[in-house]
Amino acid sequence: MDKNYAILNKPLSFVILMLGMTFGVLNLQLVLGGGEQSLLMNLLYGFLSFVGIFVSLFWVFDSKNTCVTDEYVEKGKNRIHWRDVTSSKSNDFSIVISAGEKRIVVNYYAYRDPEGLMKEIQSRLPARGC
């Protein structure tokens, strides 16, 4: 496998970004609108817009710092060689790969082919005995 850098999954990131922008616009309408709005609704819309935009930005920066190769998985300054992996825990969206104190989370859906990446990572992990 050639170096497989994370590529932002465009449909998912678009949905998250649009959600954040929608709540941001709704919040501006509530704040700038002439009618009386409850403080709780203003806070709720503000919080939801912040969460949507934060998740979008986090996804972009987190994905660009992840690299999966034949020899290792790397995120930022952390690098774990496949031969050094001591444990892994996965769910439908990500996998946590550990080697001693180092942990790296790989978000499958940050890649163009998430299913292929899932299979590739599973094939690289050391076999576990019963």
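**Close-up views of a predicted model**

Ser98 counts as buried, since its relative accessibility is 11% and the cut-off for a buried residue is under 20%. The model shown in these views is predicted.

**View 1. Ser98 and its surroundings in strand β6.** Ser98 has its place in strand β6. Across the pairing with β7, the residue opposite Ser98 is Arg103. Arg103 is also one of the residues that Ser98 touches, when residues up to four places away in sequence are not counted. On the same count, the other residues touched by Ser98 are Ile80, Asp84, Val85, Thr86 and Ser87. Which residue of β7 stands opposite Ser94? In that case the residue is Asn107.

**View 2. Ile95, a buried residue of strand β6.** Is Ile95 buried or exposed? Ile95 has a relative accessible area of 0%, so it is buried by the cut-off of under 20%. Ile95 is found in strand β6, where it is the bridge partner of Ser90. Leaving aside residues up to four places away in sequence, Ile95 touches Ser88, Lys89 and Ser90, among others. The list of contacts of Ile95 further includes Ile104, Val105, Val106 and Tyr108. Ile121, Gln122 and Leu125 are also touched by Ile95. Met118 follows Ile95 by 23 residues along the chain, and a distance of 8.6 Å separates the C-alpha atoms of these two residues.

**View 3. The sheet of β5, β6 and β7.** Three strands form an open sheet in the order β5-β6-β7, and their pairing is antiparallel. Why is one side of β5 and one side of β7 left without a neighbour in the sheet? Each of these two strands stands at an edge and has a single partner strand, so one of its sides has no neighbour there. From one strand to the next, the twist averages 15°. Strand β5 covers residues 87–90, and its antiparallel pairing with β6 comprises 4 bridges. Strand β7 covers residues 102–107, and 6 bridges make up its antiparallel pairing with β6. In a regular strand, side chains alternate between the two faces of the sheet.

**View 4. Enclosure of strand β6 and the helix across the sheet.** Strand β6 spans residues 94–99, and 5 of its 6 residues are buried, so the strand is largely enclosed by the rest of the structure. Which helix lies across β5, β6 and β7? Helix α3, made up of residues 114–124, takes this position. The angle between helix α3 and β6 is about 20°.

**View 5. Hairpins along the chain.** A hairpin of 3 residues connects β5 to β6. The hairpin of β6 and β7 has 2 residues between the strands, and in this hairpin Gly100 takes a positive phi near 65°. How many bridges pair strands β3 and β4? Strand β3 (residues 72–75) and strand β4 (residues 78–81) are paired in the antiparallel sense over 4 bridges. Between β3 and β4 the hairpin has 2 residues, and here Gly76 takes a positive phi near 65°.

**View 6. Arg79 and the ring of Tyr72.** The charged end of Arg79 sits over the ring of Tyr72, at 3.9 Å from the ring centre. Arg79, in β4, is the bridge partner of Glu74. How many aromatic pairs does the structure hold? The number of aromatic pairs is 0.

**View 7. Val51 in helix α2.** Val51 lies in helix α2, which comprises residues 39–64. The relative accessible area of Val51 is 31%, so this residue is partly exposed. Leu19 is 32 residues from Val51 along the chain, and their C-alpha atoms are separated by 9.5 Å.

**View 8. Overview of the protein.** The protein contains 3 helices and 7 strands. Along the sequence these elements follow the pattern β-α-α-β-β-β-β-β-β-α. Of the 130 residues, 35% count as buried. Among contacts with a separation of 6 or more, 51% are between residues 24 or more positions apart. The accessible surface comes to about 8800 Å², and carbon and sulfur atoms account for 62% of it.

Note on methods: Residues are numbered from 1 along each chain as its sequence is written. This is a predicted model: local features need pLDDT of at least 70, side-chain atom pairs count only at pLDDT 80 or more; totals for chains, interfaces and linings use all residues. Side-chain values use heavy atoms; hydrogens and water are left out. Buried means under 20% relative accessible area, exposed over 50%, partly exposed in between (1.4 Å probe, protein chains only). Contact means heavy atoms within 4.5 Å. Accessible areas come from the Shrake-Rupley method with a 1.4 Å probe; for residues, only the protein chains shown count as cover. Two strands pair if DSSP finds at least two bridges between them. Axes are lines fitted to C-alpha atoms, for helices over the stretch in contact, and angles run from 0 to 180 degrees between N-to-C directions. Rings of Phe, Tyr and Trp (its six-membered ring) pair if their centres lie within 6.5 Å; planes under 30 degrees apart count as stacked, over 60 as edge-to-face and the rest as tilted. A charge sits over a ring if NZ of Lys or CZ of Arg is within 6 Å of the ring centre and within 35 degrees of the ring normal.
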